[in-house]
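Hi,

Here is the structure for you to take over. My notes follow below it.

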Amino acid sequence: MVGLVIVSHCIEIAQGIRKLASQMTPEPVPIAIAAGTNDGRLGTNAEQVTRAINEVYSSEGVIILFDLGSALMSTELAVECLPEEQQKNVVILDAAIVEGAITAVVEISLNKNLKEIKDVLKDLSINKMN
Amino acid sequence: MSLTSNQTILLLKEIGKTLEEHKTLLTELDGAIGDGDHGINMNKGFTAVTKKLDDIQTEDIGHILKTVGMTLVSNVGGASGPLYGTAFMKAAVVVAGKNEIDLHDFVKIMEEAVEGIKMRGKAVPGDKTMLDALEPAYNTLYQAVEENQPIEDILKKVKDAALQGVQYTEKIAAKKGRASYLGERSIGHQDPGAVSSYLILDTIYKTIRNIKD
């Protein structure tokens, strides 16, 4: 099963999205979150993203959705620091984070592969990677 | 003139002190147009850096800069974490294995740092970011070193170029970061990232001047 990582500045946002998305499927889907700073403030950091990726990583791949600005930078940094053979299985997508997470969970629960899910999520892109 | 590993560590700690002294200023600037945590973030990051440097067991300046970068990445919550973190980690590569660095190394360090920040933040000059201070500072550094000017003059010109960049950010609207959501309303405020970059370059100038004397 493909894993999903939610990166947000705010732990409550990430937890809320996980809750909302998990509702879409009776069987559990691997979802990890990386949100807030280590000392409980708003923000993101690459270390937490790395931990979240490892939590749900399998060779089937991982999809990462993020909220704003530095969430993308922390995520890119985390992915660059992964071993090369893992990097190619991890994709960062700029879908609207709530809709993207819900859609991803549905697709994951249908056992779609990484490429198929990526294609579906493309339609939900809000162009925040440029 | 060149800097030893110990002097480099001293310089990095001085940067930490400067950012601590200006914590409130940076946070207020960021509060006006961003998420209001730049001062806290930079201070947290560099406090962690200073602690790490207290018991670092290496003379390799590349290793020292890499440690700074990694510490910033893990301890700064905002965009400045990955941005400054990437800058230091990229800079580390060009001085790997060196126990002493000179002005020519500093040119390479700045070049890598600026490139790293561009890559990470995908910003260009004029977006109202730290690049508006750093890019003119790098260009000034490059040219002054080519012309073999005295080190104190060079570093003074570099920090002055950064300050001009800071003043320029006041006149433009943000195209990157949280301030970009404010659009035109961000005009009239200095970019906090540009200010912290200036403060770092100003500290480099002042510290080297003191070491030299």
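Let me start with the sheet in chain A. The strands form an open sheet of 4, in the order β2-β1-β3-β4, with parallel pairing. At the edges are β2 (31-35) and β4 (90-93) of chain A, and each pairs on one side only. Neighbouring strands are turned by 20° against each other on average, direction ignored. Please keep in mind that this is a predicted model.

Inside the sheet, look at β1 (residues 3-8) and β3 (residues 62-66) of chain A. They pair in the parallel sense over 5 bridges. To find the register, start from Leu4(A), which stands opposite Ile63(A) in β3(A).

Two helices lie across this sheet. Helix α5 (residues 97-109) of chain A lies across β1, β2 and β3 of chain A. Its direction is about 170° to β1(A). Helix α6 (residues 114-122) of chain A lies across β3 and β4 of chain A. Helix α6 of chain A runs at about 25° to β3(A).

The loop between α5 and α6 of chain A holds Asn111(A). Check its backbone: phi of Asn111(A) is near 60°, a positive value in a residue other than glycine. Asn111(A) counts as exposed because its relative accessible area is 55%, and the cut-off for exposed is over 50%.

Next, helix α3 (residues 70-80) of chain A. How many of its 11 residues are buried? The count is 10, so the helix is mostly covered. Among the buried residues are Leu72(A), Met73(A), Leu77(A) and Val79(A). The buried set also includes polar or charged names to look up: Ser70(A), Ser74(A), Thr75(A) and Glu76(A).

Glu76(A) leads to the interface. It forms a salt bridge with Lys122(B), the closest N and O atoms being 2.8 Å apart. Across the interface of chain B and chain A there are 3 salt bridges. In contact terms, 21 residues of chain B meet 21 residues of chain A. The area buried between the two chains is about 1,500 Å². Carbon and sulfur atoms give 51% of that area.

Now the partner, Lys122(B). It is found in the loop between α6 (103-121) and α7 (131-146) of chain B. Its phi is positive, about 50°, although Lys122(B) is not a glycine. Is Lys122(B) buried, exposed or partly exposed? At 33% relative accessibility it counts as partly exposed, because that value falls between the 20% and 50% cut-offs.

One more residue in chain B: Asn43(B). Its place is in helix α3 (residues 38-54) of chain B. Asn43(B) is buried, as its relative accessible area is 10%. Leaving aside residues up to four places away in sequence, Asn43(B) touches Glu20(B) and Lys23(B).

Last, the cysteines. Cys10(A) counts as buried, at 14% relative accessibility. Cys81(A), at 57%, counts as exposed. The number of disulfides over all chains comes to 0.

If you open one view only, start at Glu76(A) and Lys122(B), the salt-bridge pair. Then go back to the sheet of chain A and follow β2-β1-β3-β4 in order.

Best wishes

Methods
Residues are numbered from 1 along each chain as its sequence is written. Chains are lettered from A and ligands numbered from 1 in the order in which they are written. This is a predicted model: local features need pLDDT of at least 70, side-chain atom pairs count only at pLDDT 80 or more; totals for chains, interfaces and linings use all residues. Side-chain values use heavy atoms; hydrogens and water are left out. Two strands pair if DSSP finds at least two bridges between them. Axes are lines fitted to C-alpha atoms, for helices over the stretch in contact, and angles run from 0 to 180 degrees between N-to-C directions. Contact means heavy atoms within 4.5 Å. A disulfide is a pair of cysteine sulfur atoms within 2.5 Å. Buried means under 20% relative accessible area, exposed over 50%, partly exposed in between (1.4 Å probe, protein chains only). Buried area is the accessible area (1.4 Å probe) that two parts lose on being put together, summed over both. A salt bridge is a side-chain nitrogen of Lys or Arg within 4 Å of a carboxyl oxygen of Asp or Glu.
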